[in-house]
Structure formats: C-alpha cells, structure tokens
Amino acid sequence: MKAVIRKQYGGPEAIEVVEIERPTPKADEVLIRVRATTVNRTDQGVLTGLPKVFRLFIGLFKPKRKILGTDFAGEVVALGEKVKDFEIGDRVWGFYDEGLESQAEYMCFPQSKAIAHIPKGIPFAEAAASAEGAHYAYNFLSKITFKEGDKVLLYGATGAIGSAAVQLLKHRGVYVTAVGGAPNMDKVRALGADKNVDYKNEDFTKDDEVYNFVFDAVGKSSFSICRTLLTPTGIYVSSELGDGAENLYLPLITKLRGGQRVIFPFPSNPRESILHMSQLLANGQFKPMVDRHYALEDAAEAYTYVMSGQKLGNVILEV
Ligand SMILES: NC(=O)c1ccc[n+]([C@@H]2O[C@H](COP(=O)([O-])OP(=O)(O)OC[C@H]3O[C@@H](n4cnc5c(N)ncnc54)[C@H](OP(=O)(O)O)[C@@H]3O)[C@@H](O)[C@H]2O)c1
C-alpha cells in the first residue's frame, strides 16, 4: 500500500510517499481502507516533533510511528476476532492526537478508541474535517460553564479550531463575536456568529463591547492584550501556551489574585469528541470549513501549505 512516512523529525522535506506492507489487525482492531484524512496542526507537531515537550508522547529521540496522520475517514475491510462494534463495509471515522498512521491506504485502529460510524449522507472528506479542530474546540469549550447572556469574543475564527468553535459556541446559545481576516470574512459570517471583526483592517482590541470570555483559537494574542475586552471577572482561554509558556502559569496566578482569569484547558478524551461530533453531523448541526484538497502523493505540498499558517479551516488528503 502507499503511505506517507518520515524517518526522523523534520519539515515537509522529510516526507516520502512509499510502498509498504499493508498492516494486519490485532484481535480488537479493525482494518480500514482510508478514503480521506486531513493535514492539520497536530500533524505538523507529529512531523516536526515541536514543541519538544510533545516528543514525550510521540518519541523522544525519533518518531515512534513512521507513518503520519492523526485522523481518518474510510471503510472497514477486515476485523480482528474480538471486534463486536463494527462490521465489514461500515463507514467509520476517528482521531488520535499522538498519531495513528492514517496517511496511508490502509490503517488499523482499536474498536475501543476514538472511532465511530460516519452518519448517513456525510462524505468521507467532511467527516475527516470534523475531527481534529472540532476535537480541540469541543475540549476547550466543554470545560467552561456558560450562562445565558454570556458574550464570547473568538479570535482566529478561520482556523480549524476557530471555525469549529464558532459553531459549537452558537449551540450553547451564547453571543459570539468572531474575529477573522479579510478576504475570508464572508466564510466566517456564514458560520453564524452574531458579529464579525476583520482583524486585518480593524483593531479587535478596540471593540466597543465587553466579553465574559475571550477565546484565542490561533494563539496569536495574549491575556495582557485582551484584558480591556474582558469584564472584571472575564476569562481568557488560548489554544497555545503563549510567550514563555505564560498560559501554563497565568491560570494559577490569576486564580490567586481574583478578578480576570486565564484558563488553559488540556485536551483529553478524543473518543468523547468523535461521538459528540457524530451526533452533530447526523443532526445537520455542524458543517466543517474545508479549504484545499490534495492527493496522498502530494502530502509534502499539503504540509507546506498547512505550516504557512494560512489555511482556512481544514486541508484534506484524498486517499
Ligand atoms: N493546545 C492544543 O492542544 C492544540 C492542539 C492543536 C492545535 N493547537 C494550536 O492551535 C492553533 C490553531 O490551530 P488551527 O489548526 O485552528 O490553526 P490553523 O487552521 O492553522 O489557523 C490558520 C488560520 O488562522 C488565521 N490567522 C493567522 N494569524 C492570525 C492572526 N494573527 N489573527 C487572527 N487569525 C489569524 C489565518 O487566517 P489569515 O491567513 O487570514 O490570517 C488562517 O485562516 C495553532 O497555533 C496550533 O498549534 C493547539
């Protein structure tokens, strides 16, 4: 089978598309013929091994897994002898943030992990694009209790996390101001935010409203920059550690000090995210933002684009 591999940590130049042996499922695993996967910012971390702390999970000196890929959508083509939850021919999708070797024609995955049936009528690419960014958005937001009338400013609404977060926030019934960049504001508007700010032509920190929460989904702002946007007890949440990893220690300092706070929710439980997103997809309550499609053979090109930091939502690899 064809697979996207790299032998050492590096940039897109480390990527090779090679022919290797098809894997065989263990007793509790399904063998999946992958049809679509995304190239996302978690894949970027798995490829580069950066930030270095990530290597504690994916391999200290060299990658534990040679094949890249963290999400998948495809069909079950073989079953381990203990598999009960899936049958041959089932359309399935899933995610695992430490890498699951999905950028290949075939992959194996345990039935007990973050895997679910693709809801009827949802194309493979759409399922794959509802995994990574939506998982992080769901994780960050599900650790917050929103009250009726809460206002949220979402910075970075055109990213994979941001475009999922706008939709998940609207399900929670809060008021959302989405900050994105021209010329993609029309796509941000279509996500259903109450108000939109174009950060390339306006200073988003000079917004005339105050917010209960500022959620930076691209990690390009900071608590100090956003304080004027927050109510006296408002909360700042970021998807990134920030300068000097400040978002790791500011939660403790701001909690002790009282008033405005920082929280940094660590993502966990991809299975819960996949099951939740399956439900939303089935009910027509979530539509992933999709940017470009690449062929598996052009994986290095797809990584180069994703690493430019300019993708709109999700980039698909068609397998
Ligand atoms: N904490 C975690 O566990 C975790 C997990 C995954 C990812 N992350 C991090 O979360 C961040 C977001 O990931 P993602 O996949 O959603 O990102 P992404 O899809 O790569 O974000 C790209 C988008 O961000 C927009 N953007 C770039 N600079 C911006 C700025 N200064 N202000 C507003 N928008 C800006 C770009 O629009 P323009 O081109 O118009 O600027 C582009 O549409 C990344 O930094 C990633 O490393 C964290």
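**Exercise 1. The second largest pocket**

Task: Find which helix and which strand each supply at least two residues of the lining of the second largest pocket in this predicted model, and then describe that lining.

Solution: Begin with the elements of secondary structure, where the helix α2 (55–58) and the strand β6 (106–110) each supply at least two residues of the lining of the second largest pocket. Next, weigh these contributions: β6 gives the most to this lining, with five residues. Then turn to the space itself, for the second largest pocket has a volume of about 390 Å³. Of the 24 residues that line this pocket, the closest to its centre are Glu 29, Arg 65, Leu 100, Glu 101 and Cys 108. Finally, sort the lining by residue class, which gives 15 nonpolar residues and nine charged ones, with no polar residue in the division.

**Exercise 2. The shell around the ligand**

Task: Work out how many residues surround the ligand, which helices each supply at least two of them, and which atoms of Arg 41, Thr 158 and Ser 239 lie opposite ligand atoms.

Solution: Start with the count, since 24 residues surround the ligand, and the closest are Tyr 155, Thr 158, Tyr 199, Glu 240 and Lys 311. The helices α1 (41–48), α4 (132–142) and α5 (160–171) each supply at least two residues of this shell, and the largest share, three residues, comes from α4. By class, the shell divides into nine nonpolar, nine polar and six charged residues.

Now take the atom pairs one by one. An N or O atom in the side chain of Arg 41 is 2.8 Å from an oxygen atom of the ligand, while for the side chain of Thr 158 the distance from an N or O atom to a ligand oxygen is 2.7 Å. With Ser 239 the backbone takes part, as one of its N or O atoms lies 2.8 Å from a nitrogen atom of the ligand. As a last step, consider the surface: taken alone the ligand exposes 940 Å², and the protein buries 87% of that.

**Exercise 3. The cavity**

Task: Establish how many cavities of 30 Å³ or more a search of the whole structure finds, and say which residues line the largest cavity.

Solution: The search finds one cavity of 30 Å³ or more, and the volume of the largest cavity is about 30 Å³. Its lining consists of Ala 129, Gly 133, Ala 134, Ala 160, Ser 163, Ala 164, Phe 286, Pro 288, Met 289 and Asn 314. Assigning these to helices, one finds that α4 and α5 each supply at least two residues, with the largest share, three residues, coming from α5. Sorted by class, the lining has seven nonpolar and three polar residues, and no charged ones.

Conventions:
Residues numbered from 1 in each chain as written. Predicted model: local features only at pLDDT ≥ 70, side-chain atom pairs only at ≥ 80, totals over all residues. Heavy atoms only, no water. Near = heavy atom within 4 Å. Polar contact = N/O pair within 3.5 Å; in protein donor to acceptor, adjacent residues only side chain to side chain. Areas by Shrake-Rupley, 256 points an atom, 1.4 Å probe, with all protein chains shown as cover. Helix = DSSP H or I, 4+ residues; strand = E, 2+ residues; numbered from the N terminus. Nonpolar A, V, L, I, M, F, W, Y, C, P; charged D, E, K, R; others polar. 1 Å grid on protein atoms, 1.4 Å probe; cavity = no way out; pocket = protein on both sides within 12 Å on 5 of 7 lines; lining within 4 Å. Points joined across faces, edges and corners; volume = space filled by probe spheres on them.
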